[in-house]
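Me: I am new to this structure and would like to go through it slowly, one question at a time. Could you take me through the reasoning behind each answer?

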Amino acid sequence: MDEETALVLGVQLLALCCIACSLVLYLLRKMSRKTVDAVPALRSVLVTSCETSAGLQLCDRLAAAGFRVFAGYKPDVRSDAVESSDCILPSGPSSGACALLRSRVKQRESASTDVERAPGGIVFVPLDVTREDSLHEAVITVKRHLPAGEDGLWAVINTADVCLKGRIEMQESVQWETLFKTNVFGTLKTARTFFPLLVSQKGRFINFGTSNGHPRRQGMTAFDSARHAVVGASTSLREDLKDSGVHIIVINTNNIQPEHMFEPVRSSGKANEQTLNETFMKTILPEYAIHTLLDALLDPNPKPVYAFEKPSVFNYNNFSKRILKSERYVGYENI
């Protein structure tokens with residue numbers, strides 16, 4: 001074999017190796033989690049309560065990613081009616097989470113140097129999922145604040161849950177009634193009330209499911225009973241609404257403990273930088289959980305059940321590179 005032939009063969013082998021490597025990288029990427037670069041237009045999401053730790057974090061992260069977020073908060077019965085459009089909030093416990101979110105939005109806007117920042121925003125909506133009148137008033141508020149050209153909600157994320165721990169012989173009946181009234185009946189009432197707004201967008205109703213994957217713990221009997229009822233209701237709702245185009249999705253929380261997810265947000269006084277850092281650095285939902293929820297929101301054909309699962313060792317490095325690099329873009333790929 002002469003020198004020129006050897007050179008040609010070497011170049012051909014190198015080209016074949018490059019093609020093979022490209023094919024392997026493509027397949028590895030397809031095996032990894034589906035992702036998106038930025039939130040498409042016309043995506044309005046209702047988070048039924050920003051006053052739980054998970055709800056507060058979701059409102060902040062979804063708004064940062066470009067969603068228009070309707071953040072539900074329980075109105076103070078001692079206060080007069082509130083105008084959501086002006087973000088005038090009542091005094092009392094309900095004002096804490098809202099004040100934190102407003103300060104968070106202002107902090108993000110002042111720190112942003114990108115003139116084309118994603119158009120996410122937060123509208124505060126008085127909402128008590130246990131009250132029919134509050135739910136119907138919330139629908140009116142949401143309709144009034146939908147952007148031009150948008151006639152419904154892309155998703156409703158149900159975070160208005162309570163978690164009351166205690167051994168069965170130590171709990172009062174009123175605690176069980178509170179659990180089922182809020183977690184189960186509140187879920188059904190919310191689904192029924194906001195169903196028309198979801199139909200127009202062929203949107204999705206997202207509930208949190210059970211904690212599969214770790215041993216049952218003492219003191220969670222009543223909560224787990226209510227949680228399984230929510231999962232069962234979601235399964236039946238999925239069958240009832242399958243012809244409407246609305247997706248009923250359950251996200252199993254797995255190793256993320258519900259007493260942390262649904263812990264009430266407590267904030268006294270005016271929100272400041274230290275309060276913000278202390279609250280938002282809790283990271284009740286880790287990045288992989290946020291990414292799972294975004295998958296459930298943005299997958300063109302969402303699955304009926306997702307789970308908060310840590311990425312495998314095989315995909316960990318790939319996943320780490322997709323962590324949010326800024327609060328405008330979600331570091332996802334390939335939708």
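Me: Which residues of helix 4 are buried?

Reply: This is a predicted model, and in it helix 4 runs over residues 132-145, with 14 residues that reach 20 Å from the first C-alpha to the last. A residue is called buried when its relative accessible area is under 20%. By that cut-off, the buried residues of helix 4 are Ser134, Leu135, Ala138, Val139, Thr141, Val142 and His145.

Me: Within what arc do the buried residues of helix 4 fall, seen down its axis?

Reply: An α-helix has 3.6 residues a turn, so residues three or four places apart point the same way. In helix 4 the buried residues line one face, while the face turned away from that buried side carries the exposed residues Ile140 and Lys143. Seen down the axis, the buried residues lie within an arc of 165 degrees.

Me: Which elements do the buried residues of helix 4 pack against?

Reply: Two of these buried residues, Ala138 and Val142, are included in a nonpolar core of 23 residues, one that also includes Val129 and Leu197. As for packing partners, the buried residues of helix 4 pack against strand 2 (68-73), strand 3 (121-126) and helix 5 (173-201).

Me: Which helix gives the most to the largest nonpolar core?

Reply: The largest nonpolar core has 49 residues, and among those that touch the most other members are Leu62, Ile157, Phe208 and Leu297. Ile157 is in contact with several residues beyond its neighbours within four places in sequence, including Leu62, Phe208, Leu293 and Leu297. The element that gives the most to this core, with eight residues, is helix 9 (residues 287-298).

Me: Why is the pair of Phe208 and Phe262 edge-to-face?

Reply: A pair of aromatic rings is described by the distance of the centres and the angle of the planes. Phe208 lies in strand 5 and Phe262 in the loop between helix 7 and helix 8, 54 residues apart, and both are buried. Their ring centres are 6.2 Å apart, and because planes over 60 degrees apart count as edge-to-face, the pair takes that name from its angle of 65 degrees.

Me: What is the angle between the planes of Phe223 and Phe262?

Reply: Phe223, which is buried like Phe262, lies in helix 6 (residues 221-240), 39 residues from Phe262. Ring pairs link both of them with Phe208 and Phe308 into a cluster. The pair of Phe223 and Phe262 is tilted, with a distance of 6.4 Å centre to centre and an angle between the planes of 45 degrees.

Key. Residues numbered from 1 in each chain as written. Predicted model: local features only at pLDDT ≥ 70, side-chain atom pairs only at ≥ 80, totals over all residues. Heavy atoms only, no water. Helix = DSSP H or I, 4+ residues; strand = E, 2+ residues; numbered from the N terminus. Expected span 1.5 Å × (residues − 1). Buried < 20%, exposed > 50% of the residue type's maximum accessible area, 1.4 Å probe, protein only. Arc of directions from axis to C-beta. Contact = heavy atoms within 4.5 Å. Core = buried A, V, L, I, M, F, W, Y, C linked by side-chain atoms within 4.5 Å. Phe/Tyr/Trp six-rings, centres within 6.5 Å; stacked < 30°, edge-to-face > 60°.
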